[in-house]
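Trainee: Could you take me through one part of this structure closely, and then work outwards from there? I'd like the backbone first, then the packing.

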Amino acid sequence: MRSPQLIITSLVAQLVAYPLGYAWEKILPNRQMRIGRLKFNLNPGPFNIKEHTIIVVMANCTFGGGAAYATDTLLAQRAFYGQNLGWGFDILLCLSTQIVGYGIAGAARKFLVWPGMSDDEMVLDVLTNSKQRP
Amino acid sequence: MIYPQNLVNTSLFYALHDHSKTDPSKTHGWSISRYRYFGYVTIGSFVWYWFPGYIANFLSVFAFVTWIRPNSPVINQLFGGVTGLSLIPITFDWTYISAYIFSPLVAPWHAIGNTLIGMVIFFWFTAMGIHYSGRFWNEYLPMSDSDSYDNTASVYNVTRVLTKDYTLDLAKYQAYSPLFLSTTFTLTYGLSFAAIAAVIVHTALFHGPELYRRAKSARSDDEDIHTRLMRKYPEVPTWWYMTLFFIMVGFCFATIYAYPTHLTWWALIIALAISIIWVIPIGMIFAVTNIQLGLNVFTGKSCSPTGYIHH
């Protein structure tokens, strides 16, 4: 294991999503498609900042500030104790711990988010400023 | 309560999506667009990183004092960068600067000052004191390392104290060796307990009345422009988060009982209670200072099957 560790934060997701979003917009066709009864459009418009923000918020939920902390548990199990409980355990552990955290954070929004500027408000700040430009 | 990390994200959004030139009257005469500036800095840091990362690794940990006398343990303990206190910390590699506390550029001055004072008091004076007084057999242990050691100063062989199903075998443990840790590692563990106790008391004393008032009111009553602008979007109701929480607690119980983890149900409930109690204090500290306090030491000692309360 490398020292110091390489930390892949949601900032990396933000940077990588930018060219991928633009490539998506350039490459994929902009017309309605159908699979059975589902109608959708693969490329409804230019890649804008709102879509980018949603990508980053989702990335932040999952691995903001490093890896999901449950992966540290799995790492300790494999590297230190030599214990491997299989992929089902890994998926269940990560899923349950992360979403429990998400639920707790949702309940704590009143204390941690509204008092100051939240992520959404910052984005809105950017959006309102960008609208003033010609 | 600004969540400094989010400022970085927002600034990057602004730089990537807005390609217009900046107004020179606001930026001391510079008119380069943020997008272009970001591009130049990215290319520059890419080119530079080859030097400390691959070509000249001594640039990463520039502990020049250790080059003067390489074989002296005391000089390594005091001035070494990797296993020492690094009293003259010079590095030319940004990944070392932002490795453990995530980019010093985003935190407010009082947070960085706080960290600096804490580091000087604990990691210079206290660590030196503990190490050179030999209180915890430190003359046989490194100053700053993340490994655990046994009583022959080799790396601790965990498999020698485990039973077949990965629990602790007390007889084997007493026959083999107790666990020894390096000086700063011991200090970190002790301080971690102190920090999470301190954060509860700090929040109760400084923010207690505000939290109480906020818990009582149905809606927060600070009407800044952003809250008002966001009011037009319907808010996610709290019961949605609660339902998700309880479903996933069910998943947690399923996980610990479907696989041989030896985690008891009450330890899981204690772990959940610990995270619920600490989420608001730690969240508030993170929101103001970008310092992520960790509960890993505390929960590892209290809830895990090898921890304190199972004995």
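Mentor: Let's start at B:His262, which sits in the loop between α10 and α11 (265–289) of chain B. Helices here are DSSP runs of H or I with at least four residues, strands are runs of E with at least two, and both are numbered from the N terminus. Bear in mind that this is a predicted model, where local features need pLDDT of at least 70 and side-chain atom pairs count only at pLDDT 80 or more, while totals for chains, interfaces and linings use all residues. As for bookkeeping, residues are numbered from 1 along each chain as its sequence is written, chains are lettered from A and ligands numbered from 1 in the order written, and side-chain values use heavy atoms, without hydrogens and water.

What catches the eye at B:His262 is a positive phi of about 60°, although the residue is not a glycine. Most residues other than glycine have a negative phi. With a relative accessible area of 34%, B:His262 is partly exposed (buried is under 20%, exposed over 50%, partly exposed in between, with a 1.4 Å probe and protein chains only). Chain B has another histidine like this: B:His28, in the loop between α1 (4–17) and α2 (34–55), has phi near 55°, again positive in a non-glycine residue. B:His28 counts as exposed, because its relative accessibility is 81%.

Now step back from the B:His262 loop into α10. Two packed helices are described by the angle between their axes and the distance between those axes. Helix α10 (residues 238–258) of chain B packs against helix α4 (residues 87–107) of chain A at about 150°, with the axes 8 Å apart. The axes are lines fitted to C-alpha atoms over the stretch in contact, and angles run from 0 to 180 degrees between N-to-C directions. So α4(A) and α10(B) are roughly antiparallel (over 145 degrees; under 35 is roughly parallel, 65 to 115 roughly perpendicular, the rest oblique). Their crossing is left-handed, meaning that the near helix is turned anticlockwise from the far one by less than a right angle; clockwise would be right-handed.

Who makes that contact? On α4(A), the residues include A:Phe89, A:Leu92, A:Ser96, A:Ile99, A:Tyr102 and A:Gly103, and on α10(B) they include B:Thr238, B:Trp240, B:Phe245, B:Met248, B:Phe251 and B:Thr255. Contact means heavy atoms within 4.5 Å. The full set divides into 18 nonpolar, five polar and no charged residues. Nonpolar covers Ala, Val, Leu, Ile, Met, Phe, Trp, Tyr, Cys and Pro, charged covers Asp, Glu, Lys and Arg, and the others, Gly among them, are polar.

Zoom in on A:Ile99, part of helix α4 of chain A. Once neighbours within four places in sequence are set aside, A:Ile99 is in contact with B:Leu244 and B:Met248. Within its own chain, the C-alpha of A:Ile99 is 9.0 Å from that of A:Thr62, 37 residues away along the sequence.

A:Thr62 takes us to helix α2 of chain A, residues 49–63. This helix pairs with α1(B): the axes come within 11 Å and cross at roughly 150°, so α2(A) and α1(B) are also described as roughly antiparallel. Here, though, the crossing is right-handed. The contact residues are A:Ile49, A:His52, A:Thr53, A:Val56 and A:Asn60 from α2(A), with B:Asn6, B:Asn9, B:Phe13, B:Leu16 and B:His17 from α1(B). They split into four nonpolar, six polar and no charged.

For the setting on the chain A side, there are six helices and two strands, in the order α-β-β-α-α-α-α-α. Of the 134 residues in chain A, 35% are buried. Its accessible surface is about 8,000 Å², 66% of it from carbon and sulfur atoms (Shrake-Rupley method, 1.4 Å probe, only the protein chains shown counting as cover for residues). Among chain A contacts with a separation of 6 or more, 50% join residues 24 or more positions apart.

Last stop, back in chain B: B:Thr66, in helix α3 (residues 64–68), is buried with a relative accessible area of 17%. Beyond four places in sequence, B:Thr66 touches B:Ile75, B:Asn76, B:Phe79 and B:Gly80. From B:Thr66 to B:Phe79, 13 residues along, the C-alpha distance is 6.5 Å.
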